[in-house]
Amino acid sequence: MNPQRRPLVVGNWKMHGNRPANTELLAAVAAARPFGADVAVCVPFVYLTETAAQLAGTDIRWGAQDVSAHAQGAYTGEVSAAMLAECGCRYVLVGHSERRQHHGEADELVAAKAQAALGKGVTPIVCVGETLEQRDAGQTEAVVKRQLAAVIRELAHCAAEMVVAYEPVWAIGTGRTATPEQAQAVHAVLRSQLQAASGHGERMRILYGGSVKADNAAALFAQPDIDGGLIGGASLKAADFITICRAAR
Ligand code: PEP
């Protein structure tokens with residue numbers, strides 16, 4: 001954590017939740033304010049309007065987990081950036097490894113989605129990360145740099161407006177977390193890349209994601225280039241998510 005950058009903690013609910021559980025979770029998180037960090041939840045599309053209504057008047061933000069690269073048209077099942085903006089979304093995840101893995105999203109599509117979001121004033125949280133095979137083959141740095149370069153190229157002079165999330169694929173939902181030192185090493189690489197490309201790397205936020213829990217968040221967030229977290233499983237448990245939000249300061 002670096003005092004130049006306000007920390008950010010984002011919950012990724014993935015495809016979990018239902019109305020009563022969501023209401024209870026959001027009420028608990030809202031009641032735990034104030035936090036020393038920006039806090040947001042990325043919820044399934046269908047819950048955006050209710051989430052917006054429940055969080056109105058708080059400083060907790062909300063967002064989506066995906067966005068179409070297209071502005072509008074015959075794209076059945078897709079949701080546009082304009083629609084997210086209309087729902088008051090501050091953020092949208094793009095390039096989450098589950099989208100890359102299960103939906104074949106390539107770097108260029110991820111970049112186009114980030115561009116579409118920014119064009120409507122929704123901040124893309126661009127996820128990058130290597131698989132276990134890539135890490136074992138010594139390719140971590142090359143992989144994350146390639147993934148990020150595609151987005152930097154597309155966003156050009158607006159690149160500094162994105163948030164980046166480093167999420168090693170082998171740590172997502174597995175209970176296996178990168179050590180603070182492993183995560184810091186990759187964050188430092190990403191920050192140098194952002195600095196070289198935009199000149200604003202020092203003020204940009206880079207989140208860590210991958211089995212962040214209540215008991216390991218503080219050690220991760222203590223690293224100089226880790227500016228908060230993208231939290232999957234633990235964001236569904238109010239007490240755990242609140243502990244993680246409090247660890248970011
Ligand atoms: C995620 O979904 O982005 C994530 C990091 O999940 P988990 O915290 O469950 O590993």
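Helix H1 (residues 19-31) and helix H10 (residues 238-247) bring their axes within 9 Å of each other and cross at roughly 30°. Here helices (H or I, at least four residues) and strands (E, at least two) are DSSP runs, numbered from the N terminus, while axes are lines fitted to C-alpha atoms, for helices over the stretch in contact, with angles running from 0 to 180 degrees between N-to-C directions. The crossing of H1 with H10 is right-handed, the term for a near helix turned clockwise from the far one by less than a right angle (anticlockwise would be left-handed). On the H1 side Leu25, Ala28 and Val29 make the contact, and on the H10 side Ala238, Phe241 and Ile242; contact means heavy atoms within 4.5 Å. By class, that gives 6 nonpolar residues, no polar and no charged. Ala, Val, Leu, Ile, Met, Phe, Trp, Tyr, Cys and Pro count as nonpolar, Asp, Glu, Lys and Arg as charged, and the others, Gly among them, as polar.

A word on the model. It is predicted, with local features needing pLDDT of at least 70 and side-chain atom pairs counting only at pLDDT 80 or more, though totals for chains, interfaces and linings use all residues. Residues are numbered from 1 along each chain as its sequence is written, and side-chain values use heavy atoms, leaving out hydrogens and water.

H7 (residues 140-155) and H8 (residues 180-198) also pack together, at about 35° with axes 10 Å apart, again in a right-handed crossing. H7 brings Thr140, Glu141, Val144, Lys145, Leu148, Ala149 and Ile152 to the contact, and H8 brings Val186, Val189, Leu190, Gln193, Leu194 and Ala197. This contact has 9 nonpolar, 2 polar and 2 charged residues.

Turning to the ligand, 14 residues surround it, with Lys14, Glu167, Gly173, Ser211 and Gly233 coming nearest (a residue is near if one of its heavy atoms lies within 4 Å). The shell holds 4 nonpolar, 8 polar and 2 charged residues. Polar contacts are pairs of N or O atoms within 3.5 Å. Side-chain N or O atoms sit 3.0 Å from a ligand oxygen for Asn12, 2.8 Å for Lys14 and 2.7 Å for Glu167. The protein buries 98% of the 290 Å² that the ligand exposes taken alone, by the Shrake-Rupley method with a 1.4 Å probe.

Lys14 turns up again in the backbone: this residue, in the loop between strand E1 (8-12) and H1, has a positive phi near 50°. Pro34 lies in the loop between H1 and strand E2 (38-42), and the peptide bond from Arg33 to Pro34 is cis, with omega near 0°.

Technical notes. A polar contact is a pair of N or O atoms within 3.5 Å; within protein, one must be able to donate a hydrogen and the other to accept it, and residues adjacent in sequence count only if both atoms are side-chain atoms.
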